[in-house]
Amino acid sequence: MTLSDFISLLRPGSDRPSAVSTLGPPGTSSEVAAKRYAFQMSPPDGPTVAVRLFDTYEQAGEALNSREVTHVVVANAYKGINSFYMDPAIELTGVFVMDTPLYGIATCRGGGPVPDAPTIASHPSPEPIIAQLLPDRYATYKTIHHASTSAAARAVVDGTADLALTTVPAAKLHGLEFISGTRPIRMVWSVFSTVARPARKETSPCSC
C-alpha cells in the first residue's frame, strides 16, 4: 500500500502537522503508520514531522488536547476510536489506507518448547487472526490482552506469555522468532487535530 492512498481533509489555510502522536512503544503498526503520515506531510525542504509514542491511544489524544502535538493517528480498527470522533475539541483532518507490517505468532528465539496449550499475548483488535495463524498442533490456547503489539512481544520476553501475536518490527526489536506464517492487515487510519478556534468578534459600546 502506497502513500498515494492518503486523503487530506485539511482546510485551506489550516496548520500543517508539526508533531504527531500515536500508540507505542516502538514496533507498533501505529508507529509505522504515523511515520508514513509524518513523512507525507513534511515539507520537501524542511525537517520530517516528529512522531511521539504513548502507551495508549487515549494518552496520545490527551497530548493533542494539551497542544503537545498537532495531530494524532489512530487505527480505525481500534474499538475506542469513537471517543475521538465524538470529542467536540478535535476533528478528523485526514484518512489513509496502509497495510500494517506483517503479523505472526512469535516466541523467544532459542527458547524452550512451547506448551501444548499456550498463553498468547495480543492487542485486542487483531486477536481474530490468531486462529488463522496458529499452527494446528495448538488445539487450545488462552489470550492475554496487552495495550499494543509491541507490548505483547515484550510479554513473551518477560515470561508472562508463551507466544505473542505481533509484528515483524516488534519481533525483531524484542528478539522473537515466528512459529507461524505471517500476513498484513489492510487498515484505514484516521488523523485528528484540534478544532480551529473561531476568531473572536469585536463588540462596540452600546449607544442606547
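How exposed is arginine 154, and what is its relative accessible area? Arginine 154 is partly exposed, with a relative accessible area of 41%. The legends below describe close-up views of a predicted model.

**View 1. A salt bridge within helix α5 joins aspartate 158 and arginine 154.** The side chains of these two residues meet with an N to O distance of 3.2 Å. Both residues belong to helix α5, which covers residues 149-158. Aspartate 158 and arginine 154 are four residues apart, about one turn of the helix. An α-helix has 3.6 residues a turn, so residues three or four places apart point the same way. Aspartate 158 is partly exposed at a relative accessible area of 49%, and arginine 154 is also partly exposed, at 41%. The structure has four salt bridges in total.

**View 2. Lysine 35 and glutamate 31 form a salt bridge in helix α1.** The closest N and O atoms of lysine 35 and glutamate 31 are 3.2 Å apart. Four residues, about one turn of the helix, separate lysine 35 from glutamate 31. Lysine 35 is partly exposed, its relative accessible area being 47%. Glutamate 31, by contrast, is buried because its relative accessible area of 13% falls under the 20% limit.

**View 3. Helix α1 is shown along its length, residues 29-41.** The helix has 13 residues, which at 1.5 Å a residue should span 18 Å. The C-alpha atoms at its ends are 18 Å apart, so the model agrees with the expected span. Buried residues of α1 include Ser29, Ser30, Ala33, Ala34, Ala38 and Met41. Glu31, seen in View 2, and Tyr37, seen in View 5, are also buried.

**View 4. A salt bridge links arginine 52 and glutamate 68.** The N to O distance between the two side chains is 3.2 Å. Arginine 52 lies in strand β3 (residues 50-54), and glutamate 68 lies in the loop between α2 (57-65) and β4 (71-75), so the pair ties together parts that are 16 residues apart in sequence. Arginine 52 is partly exposed, with 35% relative accessibility. Glutamate 68 is partly exposed as well, with a relative accessible area of 43%.

**View 5. The rings of tyrosine 37 and phenylalanine 96 are stacked.** The structure holds five aromatic pairs. In the pair of tyrosine 37 and phenylalanine 96, the ring centres are 6.3 Å apart and the planes stand at 10°, so the pair counts as stacked. Tyrosine 37 is in helix α1 and phenylalanine 96 is in strand β5 (residues 90-99), so the contact ties together parts that are 59 residues apart in sequence. Both tyrosine 37 and phenylalanine 96 are buried. Together with Trp189, Tyr37 and Phe96 form one aromatic cluster.

**View 6. Strand β6 pairs with strands β9 and β10.** Strand β6 covers residues 103-108, and five of its six residues are buried, so the strand is largely enclosed by the rest of the structure. Strands β6 and β9 (residues 163-167) run antiparallel and are joined by four bridges. Isoleucine 105 has leucine 165 as its bridge partner in β9. The pairing of β6 with β10 (residues 176-178) is also antiparallel and has three bridges. Glutamate 177 is the bridge partner of threonine 107 in β10.

Methods: Residues are numbered from 1 along each chain as its sequence is written. This is a predicted model: local features need pLDDT of at least 70, side-chain atom pairs count only at pLDDT 80 or more; totals for chains, interfaces and linings use all residues. Side-chain values use heavy atoms; hydrogens and water are left out. Buried means under 20% relative accessible area, exposed over 50%, partly exposed in between (1.4 Å probe, protein chains only). Two strands pair if DSSP finds at least two bridges between them. Rings of Phe, Tyr and Trp (its six-membered ring) pair if their centres lie within 6.5 Å; planes under 30 degrees apart count as stacked, over 60 as edge-to-face and the rest as tilted. The expected span of a helix is 1.5 Å times one less than its number of residues.
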